[in-house]
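This report looks at a bound ligand, a surface patch, salt bridges and one helix position, in an order that moves between these topics. Please keep the sequence and the structure in view while reading.

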Amino acid sequence: MKVLVLTGSPHPHGTTAFLADEFCLGAIDAGHKIVPFNTAKLNIHSCIGCYHCRENDGNCIYDDDMMQIYPHLLSADAVVLVTPLYYFGMTSQLKAVIDRFFALNTVLRERSKKLYLIAAGNDIDDWAMDAIKVHIKSICRYLGWKEGDMVLATGANTQKDVENTEYQLMARNMGKNL
Ligand SMILES: Cc1cc2nc3c(=O)[nH]c(=O)nc-3n(C[C@H](O)[C@H](O)[C@H](O)COP(=O)(O)O)c2cc1C
């Protein structure tokens, strides 16, 4: 299976980078092909809603690093979003990439894929992950993609908070059991 992994944290050695690595180790172990992008390190413009893509066969007005992601987005069997919780949602860097899916909406809705989520946040409230869960479910519903598993690490402010915890194991197993 080809798996596109989109991480969204500016911390190269942070909580979610660690969980993403665990996921990838599990997936590679199970024989899957991983294509990772750290959206926080790429040059990706926010969508400006100009609808240029609608009138130009899905071609965006911006020729930026999203062009590296699009071919893999189209051909991947599964997409994994990995993000720290920022104000109860994904980071703006990752959201910018999701918004740029818009240019390929029609094609993406015709291609069956599975969407997975790994999120980590410092809060321990039982509602802390509610908004991001609903967001991912809504994206799946809109695109007609299947909902994959979610690893939702709460009380997780740094890599140390998830090392040798159930979250590390869950991320590894998510990769293994795609
Ligand atoms: C701007 C900002 C907003 C944040 N908002 C939340 C939040 O809404 N809920 C939460 O639980 N943690 C929040 N956090 C904490 C991070 O999600 C947490 O530290 C996470 O482990 C960082 O992951 P990373 O090291 O992979 O970047 C926020 C941190 C920052 C910098």
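Glutamate 147 counts as partly exposed because its relative accessibility is 41%, and the model in which this value was computed is a predicted one. The side chain of glutamate 147 meets that of lysine 137 in a salt bridge, with 3.0 Å from N to O. This pair links distant parts of the chain, since lysine 137 belongs to helix α6 (residues 130-143) and glutamate 147 to strand β5 (residues 146-153), 10 residues apart. Lysine 137 is likewise classed as partly exposed, because its relative accessible area is 39%.

The count of salt bridges comes to 4, and three pairs among them are set out here.

| Pair | Closest N to O distance |
|---|---|
| aspartate 64 and arginine 100 | 2.8 Å |
| aspartate 99 and lysine 95 | 2.8 Å |
| lysine 137 and glutamate 147 | 3.0 Å |

Aspartate 64 and arginine 100 form a salt bridge in which the closest N and O atoms are 2.8 Å apart. The two residues come from distant parts of the chain, 36 residues apart, with aspartate 64 in the loop between α2 (52-55) and α3 (66-75) and arginine 100 in helix α4. Are the partners of this bridge buried or exposed? Aspartate 64 is buried, because its relative accessible area of 7% falls under the 20% limit for that class. Arginine 100 is buried as well, with a relative accessible area of 3%.

Helix α4 also holds the pair of aspartate 99 and lysine 95, which are separated by about one helical turn because they are 4 residues apart in that helix. Their salt bridge brings the closest N and O atoms to 2.8 Å. Aspartate 99 is partly exposed, with a relative accessible area of 29%, and lysine 95 counts as partly exposed at 29% relative accessibility.

Turning to the ligand, which residues of its surroundings come nearest? There are 16 residues around the ligand, and those that come nearest are Ser9, Thr16, Leu85, Ala156 and Asn157. By class, this shell consists of 7 nonpolar, 8 polar and 1 charged residues. Asparagine 157 places a polar side-chain atom 2.6 Å from an oxygen atom of the ligand, and histidine 11 has a polar side-chain atom 2.8 Å from a ligand oxygen atom. With aspartate 123 the contact involves the backbone, where a polar atom is 2.8 Å from an oxygen atom of the ligand. On its own the ligand has 640 Å² of accessible area, of which the protein covers 78%.

On the protein surface, Tyr87, Phe88 and Trp127 form a nonpolar patch, and together these residues have about 410 Å² of accessible area. Tyrosine 87 is placed in the loop between β3 (78-84) and α4 (92-100). Why is tyrosine 87 classed as exposed? Its relative accessibility is 81%, and a residue counts as exposed when that value is over 50%.

A last position to examine is glycine 26, which lies in helix α1 (residues 15-29). Glycine 26 counts as buried because its relative accessibility is 0%. In sequence, glycine 26 and valine 80 are 54 residues apart, while in space their C-alpha atoms are 13 Å apart.

Key: Residues are numbered from 1 along each chain as its sequence is written. This is a predicted model: local features need pLDDT of at least 70, side-chain atom pairs count only at pLDDT 80 or more; totals for chains, interfaces and linings use all residues. Side-chain values use heavy atoms; hydrogens and water are left out. A residue is near a molecule or strand if one of its heavy atoms lies within 4 Å of it. A polar contact is a pair of N or O atoms within 3.5 Å; within protein, one must be able to donate a hydrogen and the other to accept it, and residues adjacent in sequence count only if both atoms are side-chain atoms. Accessible areas come from the Shrake-Rupley method with a 1.4 Å probe; for residues, only the protein chains shown count as cover. Ala, Val, Leu, Ile, Met, Phe, Trp, Tyr, Cys and Pro count as nonpolar, Asp, Glu, Lys and Arg as charged, and the others, Gly among them, as polar. Patches are made of residues with over 30% relative accessible area and no salt bridge: like charges are joined within 9 Å, nonpolar side chains (Val, Leu, Ile, Met, Phe, Trp, Tyr) within 5 Å. Buried means under 20% relative accessible area, exposed over 50%, partly exposed in between (1.4 Å probe, protein chains only).
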